[in-house]
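Thanks for making time this morning. I would like to walk you through the aromatic side chains of a structure that is new to most of you, so please have a look at it before I go on.

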Amino acid sequence: MVDAPRDGHDARVSEPSPDPTVFVLFGATGDLAKRLVLPAFFRLAQEGLLPPDWRLIGSGRRQKSDDEFRDDVHAALQEFGPKPEEGPWDEFSSRLAFASDGFSPDDPGRLLDRVGEAEQALGADVRRVFYLGVPPDGFASLTRAIGDHGLADRARVVYEKPFGTSLEGFRELDKCVHEVLDESQVFRIDHFLGKEATQQLRAARFANGLFSSSWDRHHVAAVQIDVPETLDVDDRAEFYDATGAILDMLVTHLFQVAAEVAMEPPASLGADDIAEARAAAVRAFRTLDPDEVVVGQYEGYREIEDVADDSRTETFVAARLWIDSERWRGVPFLLRTGKRMAMSRQTVHLVFRKPENGPYTELPERANVLTFDLSGNGALSLAMTLERPGAVAALDRATTDLPLETVADGDPLPPYVRLVHDVLIGDRTLFTRPDGLEDVWTVSAPVLDAHPEPEVYAPGSWGPAAAERLADPVGWVLGES
């Protein structure tokens, strides 16, 4: 059986109906589950995109009854939405259960019993989905436990980022995973790939001659992927101090978005061909030069509870990445992210070169910029240089905006909603591949090994002043520097 596609934003003509599914959420009482995974599952229920029959089992070490877990999920939805009263809460909550006592290779806790009960209720050939919403140091143990307790058959396993924390750590984890699972069963999630505007990078380029003919070094002066945040580390201080901006953002989200921009045209829009194009783009990344990376730490960070008094963890990173392909040779990819900065944005900017010939000789460096706004429901904008209407001839810049939520018959989905749905139907298009990830760790190794001392920057600023030079001569689009 096939259903009509949710919308027309990709070339898939139809999508399979999800099989009856037992969805096991490890870390079900954690922050990630409450803020993102459980709300995504409820939104899928609202949209009618869940399997025809399913069960969700939360797993954790705490002693918790099914009703107590349902109360927890209800509270999470009240806080982060969608509100329980806005959807089929009674029917949804009846399918929730909790397995106490953890899950490890030596001790399955109550999970085996709860999975068995759910599968008996759903019938034969039930799909198992295991979502590892836990810190990366728990991935290997849970993976081995899935194999040791006979749960790998008919399973899909979702790994949060980062998949490893170094090249060596990635290889060890990858080996462990493939001792239990076939690669087709593995879904390494990077929610920036699930953003509506990230997916528009492909459509804007490959479906529009205006951009496809100018998506190269002859026309683009710089690509900027910029994710500043006004937020501090909040209640993630302990996790963040052990991770930092490079691991949390640069080698995960920003590198993957850079690969989406830089990829060569895939042979098709099928999952394997897109994954190959993305991985090939990463293979062309030049190893980062520590002299072209600036790290910073906002003033007052070390005073936060759970942060070491002498912490060298970076809360800001900016990098100039070069891509050694015929298409992009010589074009800087400028990547920047940080906490406690001047504004919160998630953008991809393609800054086009000024015309080399013609009567207009005094054009600004950023006269033409194509922007993909990755936040919220997403938007595209194009900045152009125009003749200012009026009696006196003068040039001026104007911008036209296209919010994706205004596209006719569009139904934008938050990234976790889209990605969880893709797991349920087995679509791996928006998930990362191991060869691409291994290359990411190789590219970033010199900076991770150097562990440079971060420069202090003022909260509410654009980060360390040294980051300004990375964008010369074009300058950063955000901040108008």
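**Rings and charges**

Let me begin with a charge and a ring: R336 lies over the face of W476, at 4.1 Å from the ring centre. Please keep in mind that what you see is a predicted model. There is another such arrangement to point out, in which the charged end of K195 sits over the ring of F192, 5.0 Å from the centre of that ring.

Now to the rings that pair with each other, of which the structure holds 21 aromatic pairs. One of them is formed by F42 and W89, an edge-to-face pair with 6.3 Å from centre to centre and 70° between the planes. This pair links distant parts of the chain, since F42 belongs to helix 1, residues 31–47, and W89 to helix 3, residues 89–93, with the two positions 47 residues apart in the numbering. Are these two residues buried or exposed? F42 has a relative accessible area of 0% and is therefore buried, and W89, at 15% relative accessibility, counts as buried because the cut-off for that term is under 20%.

A further pair is that of W54 and F92, which is tilted, with 5.3 Å centre to centre and 55° between the planes. Here too distant parts of the chain are linked, with W54 in strand 4, residues 54–59, and F92 in helix 3, 38 residues apart. Both W54 and F92 are buried.

To put these pairs together, ring pairs link F42, W89, W54 and F92, along with F23, F41 and Y131, into a cluster.

How values were computed:
Residues numbered from 1 in each chain as written. Predicted model: local features only at pLDDT ≥ 70, side-chain atom pairs only at ≥ 80, totals over all residues. Heavy atoms only, no water. Phe/Tyr/Trp six-rings, centres within 6.5 Å; stacked < 30°, edge-to-face > 60°. Helix = DSSP H or I, 4+ residues; strand = E, 2+ residues; numbered from the N terminus. Buried < 20%, exposed > 50% of the residue type's maximum accessible area, 1.4 Å probe, protein only. Lys NZ or Arg CZ within 6 Å of the ring centre and 35° of its normal.
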